[in-house]
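User: I should like to learn how to read the contacts between two chains and around a ligand. Where should one begin?

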Amino acid sequence: MVTCAGCSCLCTDIVVKDKVFNACRRGASIFRNAENNKAKPKVDGKEVDFDTALNKAIELISNSKNLAVYGLDTVPLEAQELAIKLAEKKEAFIDDNSSFCLGDFVEMILKKEIPTTTLDEVKKNAYVIFYWGTDPYNSLSRHLSLYTYYPRAGKRQRGYEEDRFLVVVDVRKSHTAKLAKKNARFIQVNNDLELIDGFISALDGKAGNYFKDVSRIISEMKRADFNVIFGGLGLKYGLNSDYSRFLEMVNKMNEISNVYFLPAGFHANMRGFNELMFEKTGFVNRYSFREGKASKDFEFKNLILNDEIDTALIIGTDPLNSLPFEVARKLSKIKKIVIDPKNTFTARTADVVLPSAITGYDQGGTMVRSDGVRIEVEPLKEGDVSDISILKRILEGI
Amino acid sequence: MAITPMEVYKLLPKTNCKKCGEATCMSFAFKVINRERKLEDCTPLFEEKKYAPQLEELKKMLKGIEEATETGLIVDEELCSGCANCVVVCPVHASDDPYGMGSGYGPTIDDPILRIEDGVVKVINMKKCRRYGKNRILCVACRENCPSDAIRFVEG
Ligand code: SF4
Ligand code: SF4
Ligand code: SF4
Ligand code: SF4
């Protein structure tokens, strides 16, 4: 059995034979397409041998005055550690996708501002399960079947309809919301704060917004000593970076029952990067080693928009494909070194391309699941290169 | 979503012309669902242009019906994301493989009813399904927990 690093579920029961068994569509396609569209070592768009590309990368990084290291959410902790060391040595900026994704939630957890738990505990114990501002069916396909609503385990042996209570909060009837049937609630919100206020009022014994749904959910919560809220991007944007009311609600809920919080994360090792950064700097992302602090200005996107960097070392991500057009346009004007197993859009315009390996397929290492549990990933086969070996050589070379 | 004779009937010409050899369009609809007749046997539907939109819809609805298993379960692989909700909710799986599929993992038995292969669900052993055979129970757990309606039952 191998581990799939397709998302932060990090499913460990994948079997690869003539077919891929047990992985969801996204996970299966990683294994099935592993040998397609592979990156080749390149300098200025021309194919070269690996060492030539590596030497050019070392040269560009050495000559850079303002370097940014970016990406990293798909590579193992050991590679992230080296990238952080490199950023430190170069007094560079470093950032990952979590700055526009769920980094804030991970930070609240690491700072112990909110009670949290693990997916294994959820599986064994959770009764009321919230999905708030997230549609795991599409982003974390096996989340519900493997960890939360459907599996039978521990105290929850009687099946989802009797032993679990599902609450889906979203602005639209998502695929996940469709699952909220018997013993469940789907609450369609315009504004997350209105629902939060509804919960706070009800917990204070007053009638407020969404009273009928909210009071039913509260009485369900009281039936169990273990309930969990999974928060996604919808919640983050709904709260507009002000988490105080949300934290107040969770604290109040904890006066009546145990309620835990977990981010419904996305990229495979995003939490790993956040944890390493937090241990080292006290911040989870968008950090400048020159200034010794984190700031919104140091978010990769903003560094590019404000012409703050001359060179970007992009590892395991494809920003030209995912960032807004004006950022992508500016990004095309600076020096770029791409380390990636695939010939991505960004790789096609990079000054240097260093082909690496796919975590779980031809490279292993430690990955951190969305709940903070560390998973040792054994690859299906050992490849010639890995993010770890490449970053080690760059670090030695500069 | 269930495919019923009524749904099929609504889209037939409803002229009871008998060209298909059935007495009424309704009885033809029943037989199509039970896979005793093919849509092609209703010649007016194919020959007369005015039925073209209905024909398209019928084709879409009946897609996969010929491959439907004996219990009438059809999977539309294009809609399936491989979430495995259907595999894990199945009460038969829960009792036969409590620490595998019953606990959310891939099967640890060789003959599951459903299994995820290459990212989509496949029917492996329909004989175990509660809908199979004489004493069948009209279980709908897998279908009800598929968020994308990738699972359908033909209900004749
Ligand atoms: S849910 Fe995520 S980790 Fe699991 S198989 Fe799918 S992509 Fe891979
Ligand atoms: S041939 Fe078509 S229209 Fe005529 S009776 Fe049969 S189903 Fe109805
Ligand atoms: S109909 Fe019921 S028994 Fe049959 S596969 Fe679906 S869930 Fe299992
Ligand atoms: S529940 Fe639906 S989408 Fe999920 S694996 Fe089953 S058929 Fe596919």
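Analyst: A salt bridge is a side-chain nitrogen of Lys or Arg within 4 Å of a carboxyl oxygen of Asp or Glu. In this predicted model, the side chains of A:R32 and B:D118 form such a bridge, at 3.9 Å from N to O.

User: How many salt bridges, and how many residue pairs in polar contact, are counted between chain B and chain A?

Analyst: The count is 2 salt bridges between chain B and chain A. There are also 22 residue pairs in polar contact, with both residues at pLDDT 80 or more. On the side of chain B that touches chain A, α5 (85–89), β3 (114–117) and α7 (141–144) each supply at least two residues. The residues of that side comprise 15 nonpolar, 10 polar and 7 charged.

User: What area is buried between chain B and chain A, and which three residues of chain B supply more of its share than any other three?

Analyst: About 2,400 Å² is buried between the two chains, and carbon and sulfur atoms give 45% of this area. B:S81, B:D118 and B:P147 supply 25% of the area that chain B buries against chain A, more than any other three residues. B:D118 is also the partner of A:R32 in the salt bridge described above. In terms of contact, 32 residues of chain B meet 25 residues of chain A.

User: Which residues surround ligand 2, and how do they divide by class?

Analyst: The surrounding residues are B:P13, B:T15, B:N16, B:C17, B:K18, B:K19, B:C20, B:C25, B:F28, B:C42 and B:P44. By class, this shell has 7 nonpolar, 2 polar and 2 charged residues.

Terms used. Residues numbered from 1 in each chain as written. Chains lettered and ligands numbered in written order. Predicted model: local features only at pLDDT ≥ 70, side-chain atom pairs only at ≥ 80, totals over all residues. Heavy atoms only, no water. Near = heavy atom within 4 Å. Nonpolar A, V, L, I, M, F, W, Y, C, P; charged D, E, K, R; others polar. Contact = heavy atoms within 4.5 Å. Buried area = accessible area lost by both parts, 1.4 Å probe. Polar contact = N/O pair within 3.5 Å; in protein donor to acceptor, adjacent residues only side chain to side chain. Helix = DSSP H or I, 4+ residues; strand = E, 2+ residues; numbered from the N terminus.
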